[in-house]
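Reader: I should be grateful for a close look at a single helix and at the core to which its residues may be compared.

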Amino acid sequence: MKKITLSVCILSLSLCVSAQVTVAVSPSVELTAILARTAGYQEYCMDDGGQYTKDTEQWFGTYRAHPSVLYFNRLRRQFGVAYDAVMNLAVNISVDAEGVRWMDTDLQSMDRRWSKVDKDTLLMRLNDFCRDTRFHAFFTGHYPFYDRAVEAYKANVMGLLRQEWYPAFYGTAPEETFRVIIGCTNGGGNYGANRACRGRAKELFAIVGYVENPAARTPYADGAAYAATLIHEFNHSFVNPLLAKGDHWDQLKESADYLYRCSSLAMQRQAYGNEQTVINESVVRAAVICYMMDNGCKREDVQHELYNQVARDFKWMPELVTALRRYARERRKYPTLESYYPEIAKVLAKYADRERKRIEGCL
C-alpha cells in the first residue's frame, strides 16, 4: 500500500499510546524484502535506505542467479506474489540463526496469492537463500542501525497515533496485539498484515517503510507524514479480513468488477491490481477520513483529504464516507463493521448501478 498524505492536523491529537503498541525491526520482514529486492521486485528496489541500501546491495547483489531468487521471480509471474503478499509471508514465518520456520498459524488463512504455492517448497527456498547468503550474519551485523531506526520512529511518530479509536470504531474487542515493524528494505512502501498464532492473541501489523532524507538529521523527522501512513495501515489490519468473511465478496463482486473496470488504469498506477484490493483500499480510505473527523481535524483538512481520494479515482468516496458515518451513528443496530458490511455492499452496488446507467445512457 503506497504512502498517503494527510494534513498535519493530526499533530493536534493528544499523546496517548497504549503500551500494547511495539516498534521493532523483524528478521523475517528483512529476509523476504531482501529476497524480493534481489529478485527484482520493483516495489522493493526503491533504494531509499542510504548506507543500509548500499550494504544490502553489496552483500546480496551477487546472488541474483540463486535458485531461490529465480524461484521468487516465477512466483511473481505465475501467482502475482508481490507488494503486500511478500509481507504477508513475512509475518507467517520465523527467522533466526537456525533458519526459517513456519509460525504456528493457519497457513490456509494466508493471502490468497499464496494459495497455489507449495508451502514445503517455499520454505525450502527461503532456507536455502537464508543459509547461502549468510543472512543472519548480515542482520545481526546491523543491530546498531536497526536500534537507531526504532528509536527515531518512537520519538517522532508513535505519539501521534490514537490506538483506542480502532477497536471503538470497528467494534472489535481490544484483545489484539498491535505491532509496528520497520521495513528497512521497503523504501516508501507501507503494508498492513495480521496473523493469529494458536493460543495467542491476534497480532495486527503496520509494516512501515524506511526512507533516509539527507536534509533531515534523523529518520522519520516529519512525524506527522509518517503517522498518516501508520493510521492508514492499521485500518488495513481491521478491514482486509472482512472481505473474506461470510458472503461479503459474493455481495460485492458484480459492483466491484464494474468499479474496477471503470478505474483500472488509475488503480494500476497506484499498484492496486485487482477488484478485492480496490474494495479494501476504498473502505480503508473512507475510514481514515472518519478517523480525521473523530479526532479533531479541521473541516477544511477533512474536505481536502476527501477531494484527494476522489482525485485518485476513488470517485465513490463521498458515498462510502457517508455510509460509514451512518454506521457510527447506529452502533446499537450495527455493533461491528462486520455486521454493517452488507450495507457497504449495497452502497457500492447502488453507486456502480447509477454510473453504469449514466454511461450507457449516452449510447
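Author: The following account treats helix α3 and then the nonpolar core.

The model is predicted: local features need pLDDT of at least 70, side-chain atom pairs count only at pLDDT 80 or more, and totals for chains, interfaces and linings use all residues. Residues are numbered from 1 along each chain as its sequence is written, and side-chain values use heavy atoms, with hydrogens and water left out.

Helices are DSSP runs of H or I with at least four residues, numbered from the N terminus. Helix α3 comprises the 13 residues 67–79; at 1.5 Å a residue, taken times one less than the number of residues, it should span 18 Å, and its end C-alpha atoms are indeed 18 Å apart. Its buried residues (under 20% relative accessible area with a 1.4 Å probe, protein chains only; exposed means over 50%) are S68, V69, Y71, F72 and L75. Viewed down the axis of α3, these fall within an arc of 160°, so they line one face of the helix; the arc is taken from the directions from the helix axis to the C-beta atoms. R77 and Q78, on the other side of α3, are exposed. The cover over the buried residues includes α1 (27–38), α4 (84–90) and α5 (119–132), where contact means heavy atoms within 4.5 Å. After α3 comes G80, with a positive phi near 70°.

F72 also belongs to the largest nonpolar core, of 114 residues, where F72, W114, Y153, I182 and L230 touch the most other members. Such a core is a set of buried Ala, Val, Leu, Ile, Met, Phe, Trp, Tyr and Cys residues joined through side-chain atoms within 4.5 Å. Helix α11 (residues 275–294) gives the most to this core, namely eleven residues.

Key. Helices (H or I, at least four residues) and strands (E, at least two) are DSSP runs, numbered from the N terminus.
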